[in-house]
Amino acid sequence: MSQRTYITTPIYYVNDKPHIGHAYTTTVCDIYARFMRFAGREVFFLTGTDEHGLKVETSAADRGITPQALADENAAEFRSAMSMLQLEFDDFIRTTDLDHVRQVQAFVTRLREAGAVYLGEFEGWYDEGQEEYHTETQARELDYKSPINGRPLVRAREKNYYFRLSSFQEKLEKLFEDHPDFVRPPARRNEVLGRLREGLADVPMSRTNFSWGVAMPGDPEHVIYVWIDALMNYITALGLGEPESDRYSARSRYWPPAYHVIGKEILWFHAVIWPAMLMALDLPLPQCVYAHSFWIREGRKMSKTLGNFIDLPTIERYVGRYGLDAWRYFMATQGPLGATDADFADVHFHEVYHTDLVNTVGNCSSRVSAMIGRYFDGAVPGESPGGRRLTIAEHDWPALCAEAVRHSEAAMDRLDLAGSIGAALGLIRRVDAFINLTEPYKLARDDSRCDELGAILYQCAEVIRIASLLLWPVMPGKCEELWQAMEIQIDPRAGRLHELAEWGGLAQGQGIRKTALFPRVDRSPSGDGSPSGGDAACAARLSSD
Ligand code: MSP
């Protein structure tokens, strides 16, 4: 296992407002980054905003402001959304940062020097209103008219710089063959491979029809195509274009990344164009491009036309109602990390919250702390009377915990968040079953069985403590609350997970307060989706108080 790990989200377009898609990808990376840092690795977690391109230029013009002002405004919104969701990145890159712009130009110059770029002429059917080209086939299907305003398409030519993607055909095929995990999950890999085998065409890497972008070095009439500029954020943030500069010397060692986490719609750029660019630049390739699927809502695709996006105000309502940790838990365990889309259904959220958090994590920890309160005055009992640990009902808890920790970390390493969290929840479910089996409340009536009772409750509390270490990356707030109640001080950023997860961390005699981590929540009658959902629920709660 490499001790250094770099994980990235896509950089988000500033012509959009933050929504569940952005929140989801960033939360996945945040959980991975927190876990790995806690496990002692050196982690660099990058996110940021993609700020150039025609759309930003046009939206800004529509509002009568400069593109930079629009970018500043929306980048700030993304940052504040991320801080609300407690997403702790190491850097937030913006493609308008001068450090980025300078390095993009240096890299494009390197690509040209390496012979990977040429000036070519492109001819096609141009939609003047949309500033968009159509191929012959598309134009024929459109009857040579703009699908938007119906005006005739015109035959136009444009000189553009091209990246010689076609010359990387064999190298890319070999990459996919030699590294079956380069693109995950496998269904996505197969899609890319299928398209790759159809043959690669060169891709334009500059435009001349707008100016909001990075100027082509040596030919400032051309603006570098926004995707080329955007993909390079992954290397410019680490300063790979200026490794000798002080700011970056400590960062460049994080390259290459363990994961580029992206959504499935932008896979081709990341799985084909990006590795080809890196090959041309002679840089090592990422270990894995992980393309997750999409959230849909109540069984329907989210779209601007339907107006059913889970936007920031909706996210805030869920956070307000169920708590931030519950939101993060739902993202992590129910999200579309696999090859199929995941449904964000209000009733499902409500159920998962109650089943996993209220009835499992919350209930088990309050049950155990309450019994320690009742039978041992709130002080942790011992598990080893006379110096020998009592093994109750053949439960070898230290071994079970060690196995869960291994499993949880290995799953997180594969970016299997649900598997990693499942290992911790599995421990807690076992504690519940252990309590039902050993019935400590009955033993409490028999003074002669006090040692046994103490050992049982010690073991329950100790397992909960160990499970909470594994749950911290997904639910930092609630786990820290639990640690306070257990009088333990932990700084997860100090990277001592393995040491802390060793059996026996709880000391006999230390205090444990009763905790109620996850309160029951009434379900809003209309679900949370409608704008009145939150208010109606609030009113219902007030009137029932
Ligand atoms: N700017 C480009 C990325 C450049 S990366 C070098 C971009 N930006 S975006 O703002 O459109 O963000 C896209 C990302 O949002 C996707 O990769 C995906 O992570 C996320 N999602 C957008 N809609 C989504 C869902 N409905 N569900 C889950 N995530 C989706 O593309």
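Which residue places a backbone N or O atom 2.8 Å from a nitrogen atom of the ligand? In this predicted model, that residue is I11. Two histidines also make polar approaches to the ligand, in both cases to an oxygen atom. A polar side-chain atom of H22 lies 3.3 Å from an oxygen atom of the ligand, and for H292 the corresponding distance to a ligand oxygen atom is 3.5 Å. Of the 670 Å² of accessible area that the ligand has on its own, 94% is covered by the protein. Several elements give two or more residues to the shell around the ligand: strand 2 (12-13), helix 1 (20-38), helix 8 (226-231), helix 9 (233-236) and strand 12 (259-263).

The ligand is surrounded by 24 residues. The closest of these are I11, T25, D50, G263 and W295; I11 is thus named here as well as in the backbone contact described above. By residue class, the shell is made up of 13 nonpolar, 9 polar and 2 charged residues.

A helix pair was examined next. Helix 14 (residues 346-376) packs against helix 18 (residues 450-471) at an angle of about 145 degrees, and the two axes are 10 Å apart. The crossing of helix 14 past helix 18 is left-handed. On the side of helix 14, the residues in contact are V361, C364, S365, V368, M371, I372, Y375 and F376. These meet C450, L453, G454, L457, C460, A461, I464 and L471 of helix 18. The contact holds 14 nonpolar residues and 2 polar ones, with no charged residue.

Backbone geometry was then considered. Most residues other than glycine have a negative phi, and most peptide bonds are trans. Two cis peptide bonds are described here, each with a proline as the second residue. R184 and P185 are joined by a cis peptide bond with omega of about -10 degrees. P185 is found in the loop that runs between strand 8 (183-184) and helix 7 (186-197). A cis peptide bond also joins W255 and P256, where omega is about 0 degrees. P256 is placed in the loop between helix 10 (246-249) and strand 12, an element that also contributes to the ligand shell. Q86, a residue other than glycine, has a positive phi, near 55 degrees. Q86 lies in the loop between helix 3 (67-84) and strand 4 (91-94).

Conventions. Residues numbered from 1 in each chain as written. Predicted model: local features only at pLDDT ≥ 70, side-chain atom pairs only at ≥ 80, totals over all residues. Heavy atoms only, no water. Near = heavy atom within 4 Å. Polar contact = N/O pair within 3.5 Å; in protein donor to acceptor, adjacent residues only side chain to side chain. Areas by Shrake-Rupley, 256 points an atom, 1.4 Å probe, with all protein chains shown as cover. Helix = DSSP H or I, 4+ residues; strand = E, 2+ residues; numbered from the N terminus. Nonpolar A, V, L, I, M, F, W, Y, C, P; charged D, E, K, R; others polar. Axes fitted to C-alpha atoms, helices over the stretch in contact; angles between N-to-C directions. Left-handed = near helix turned anticlockwise from the far one by under 90°. Contact = heavy atoms within 4.5 Å.
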